Amino acid sequence: MSMATRAETPSPAPHVADSHDRIRVHGARENNLKDVDIEIPKRRLTVFTGVSGSGKSSLVFDTVAAESQRLINETYPAFLQGFMPTLARPDVDVLEGLTTAIVVDQERMGANPRSTVGTVTDANAILRVLFSRLGEPRIGPPIAFSFNVPARKASGVLTSATGEKTIVREAVYHGGMCPRCEGRGTVSDIDLTQVFDDSKSLNEGAITVPGYTADGWMVRTYSESGLLDPDKPIRKYTKKELHDFLYKEPTKIKAKGINVTYEGLIPKIQKSFLSKDVDSLQPHIRAFVERVATFEDCPDCGGTRLSEAARSSRIRGKNIADLCAMQITDLAEWIRGLDEPGVAPLVRALGANLDWFVELGLGYLSLDRPSGTLSGGESQRIKMLRHLGSSLTDVTYVFDEPTTGMHPHDIQRMNNLLLRLRDKGNTVLVVEHKPEVIAIADHVVDLGPGAGTAGGAICFEGTVAGLRASDTVTGRHLDDRAKVKPAVRTRSAVLEVRGANLHNLRDVDVDIPLGVLVVVTGVAGSGKSSLIHGSVSGRDGVVAIDQTAIRGSRRSNPATYTGLLEPIRKAFAKANGVKPALFSANSEGACPTCNGNGVIYTELGFMETVSTPCEDCGGRRFQAAVLDYTLGGRNIAEVLAMSVTEAEEFFGNGEARTPAAHKILARLADVGLGYLTLGQQLTTLSGGERQRLKLATHMGADGGVYVLDEPTNGLHLADVEQLLGLLDRLVDSGKSVIVIEHHQAVMAHADWIIDLGPGAGHDGGRIVFEGTPADLVADRSTLTGEHLAEYVGA
């Protein structure tokens, strides 16, 4: 029997659509990038490493992600684009192969006073629908359980668009907002002695509120209202005058022939200062608010933010406020026990949402936690929630140090989530310093070799094994492991904490050693920040450097932020016999054409704003006459173009010697920012650079105890060594340093460790270990002990 043979058909050539497997970047020059050319593989996990300030964020966020988002925005109609932020095209020659980019950064959540963990996720929205269907008694639609919406009643004549009129006897608009605290959960009581000096008159500057100067417009509204005598001390006001001054309802008046609205000082302060989240205010205004107002839970709603009607509706004995106050792990268990076929899809959706919280290591939070109190790492992980269950594929996810604020115990969990996103067919780009995350990368891009102008180049591309064998800074430090100190310092005294019970702390008693380096550690949510910021930070002589973001416009720079510009301006003024204000680009010395910006901004509606260098000052920001004045042979623009290292030498000796400026510059160099230029915009600094800039600023404050909150955030492996050296110098100079930290190298370097736990939320809040790092490694009785022992190879 013959067998029919057939020629083997050749496998078809790859489809041309499958050839677009890389993101190609050519000639990237954003910020400090130096004509970078790179090809990033799609549907792989790529980790970008390099010292802080080497250009990682400039390449990943300011080039790849920014162009992707700009191109997507251009697909919307021009009308919609007018309402969206305008993004300029990055400074790059070619960008090909881009896919939709979803950026998950470390920017803190908006600090709206009514914003909570539940409102920034889908959890509260689903809970409101659940209560509108199952709650007893029934009080209305989902909006009746929202503390962002007030309940209102109206009556009168309703006129439709066609002119048809209907007499409405009473219309009810549902809402769940507590009327007394307006959904904030707290009410404020104002200390009047901090608002005005009653021994002075308005013209003498009696009002001590920021921005209310005696000759300013705000005070003139009072002094020229005709209701008050501007030359009469406030303590001599009649009852009516005092009431008009402090509490009068908004009234139209004429001041200097102009119609204005007069309103009592107290309601004005409440609207402009006290109605905003304290964490979102500028430092001097925040200090005023903390001085003038005391906040306490609203007596009507008990801090739940909800009206009595919303609190009255219950499911199985629980109202919506009770559920929002539960720890998320407990709430997830309660929801799973809800067997109601009519709302099964809601229960499933809410259960899945809460399970993602637990998966991300955030099960210790509650839904009523204000979003402004979340750390950068917690904010970033909450932003991840909506993407983890997404069915989207071929998307580029961009993460900025996703392990920030994570205990070593939780990092493996984060790694699994990143790999899961990649395995669904997505491109995952991660900017990261942690060796545990670098180890799982399919592709590694190392930028450097240094920071600032010394960086901006690709030092290595390839596999993790190739990076380890390379001679780059990251490659050399990838396997660095700190050793436990053989000998520790001896404490000089102790700082006593007794009965600490803020948040999840359980009447903690602890003696914190002084004169040594103390590390407070424990899993995320174990109570570290509650213990230190709640019981230590507010004491006399304690300088606390927390994780709040540096606020600054494009006019702000390291010189203005640190106060360095003040002694520099005075030195220039003294050397040239003129006013210091001439040497500020925000004051009299500013170029009149560009108002001291150095560039001219042209708004083009929904198109990107065009910026062109100012032709009059050449981008130097100052008037030509100001640049004729010199100090040590340099004008003010040339000084602001110096790096910290250059300026430290310049102001340290010779004709330009200025001890006040040199002292600040030495602190900046101490924290590893010697490469920054004095006039560099704050908006161009990386997260790690901003934190070190804040550290350098606070190092000049008077105080014997420094509290640092995770100072290794954003620091490269090589920079951690420099930070440890700085901490040692602080302690050796007679200071006491308390560090809240997860990094094992800092733990190993400590003189004393306080470990909280054993878990997070209500499973934490206790001291589980106190002692030296060597004792913790030998003990291994806690999660921290296990990971530290593994890290040091014990």
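This report describes the domains, cores, one helix and several single residues of a predicted model.

## Domains

The domain assignment divides the chain into five parts: domain 1 (20-108 + 374-477), domain 2 (117-182 + 301-360), domain 3 (186-297), domain 4 (480-550 + 702-793) and domain 5 (553-684). Between the C-alpha centres of domain 1 and domain 3 there are 48 Å.

## Nonpolar cores

The largest nonpolar core holds 72 residues, and those that touch the most other members are Ile568, Ile636, Phe651 and Leu678. Helix H25 (residues 717-732) supplies the largest share of this core, with 7 residues. Domain 4 (480-550 + 702-793) and domain 5 (553-684) both contribute residues, so the core lies between these two domains. In soluble globular proteins, nonpolar side chains tend to be buried together.

What is Phe651 in contact with, leaving aside its neighbours within four places in sequence? The residues are Ile568, Leu631, Val639, Ala656, Arg657, Thr658, Ala661, His662 and Leu665. Apart from the largest core lies another core, of 67 residues, which includes Ala321, Cys324, Leu367 and Ile438.

## Helix H1

Helix H1 (residues 56-73) has 18 residues, which at 1.5 Å a residue should span 26 Å. The C-alpha atoms at its ends are 24 Å apart, so the span agrees with what is expected. The helix does bend, by about 35° at Ala66.

H1 is mostly covered, since 13 of its 18 residues are buried.

## Asp400

Asp400 belongs to strand E12 (residues 396-400). Is this residue, Asp400, buried or exposed? Its relative accessibility is 16%, and because buried means under 20%, Asp400 counts as buried.

Leaving aside neighbours within four places in sequence, Asp400 is in contact with Phe61, Val104, Asp105, Gln106, Gln380 and Val431. Val644 is 244 residues from Asp400 along the chain, and the C-alpha atoms of the two are separated by 27 Å.

## Gly135

Gly135 sits in the loop between helix H4 (123-134) and strand E6 (152-159). With a relative accessibility of 0%, Gly135 counts as buried.

Once neighbours within four places in sequence are left aside, the contacts of Gly135 are Leu130, Ser313, Arg314 and Ile315. Arg413 lies 278 residues from Gly135 in sequence, and their C-alpha atoms are 36 Å apart in space.

## Pro267

Pro267 is placed in helix H7 (residues 265-274). Its relative accessibility is 18%, and so Pro267 counts as buried.

Not counting residues up to four places away in sequence, Pro267 touches Leu246, Tyr247 and Lys248. Pro250 is 17 residues from Pro267 in sequence, and the distance between them, C-alpha to C-alpha, is 9.3 Å.

## Cysteines

How many disulfides does the structure hold? The number is 0. Cys178 is in no disulfide, and the nearest cysteine sulfur, that of Cys181, is 3.7 Å away. A disulfide needs two cysteine sulfur atoms within 2.5 Å, so a pair at this distance does not count as one.

Two cysteines can be set side by side for accessibility. Cys178, at 2% relative accessibility, counts as buried, whereas Cys459, at 32%, counts as partly exposed.

Methods
Residues numbered from 1 in each chain as written. Predicted model: local features only at pLDDT ≥ 70, side-chain atom pairs only at ≥ 80, totals over all residues. Heavy atoms only, no water. Core = buried A, V, L, I, M, F, W, Y, C linked by side-chain atoms within 4.5 Å. Buried < 20%, exposed > 50% of the residue type's maximum accessible area, 1.4 Å probe, protein only. Helix = DSSP H or I, 4+ residues; strand = E, 2+ residues; numbered from the N terminus. Domains from an automatic or database assignment. Contact = heavy atoms within 4.5 Å. Expected span 1.5 Å × (residues − 1). Bend = angle between axes of the 7 residues up to and from the residue.
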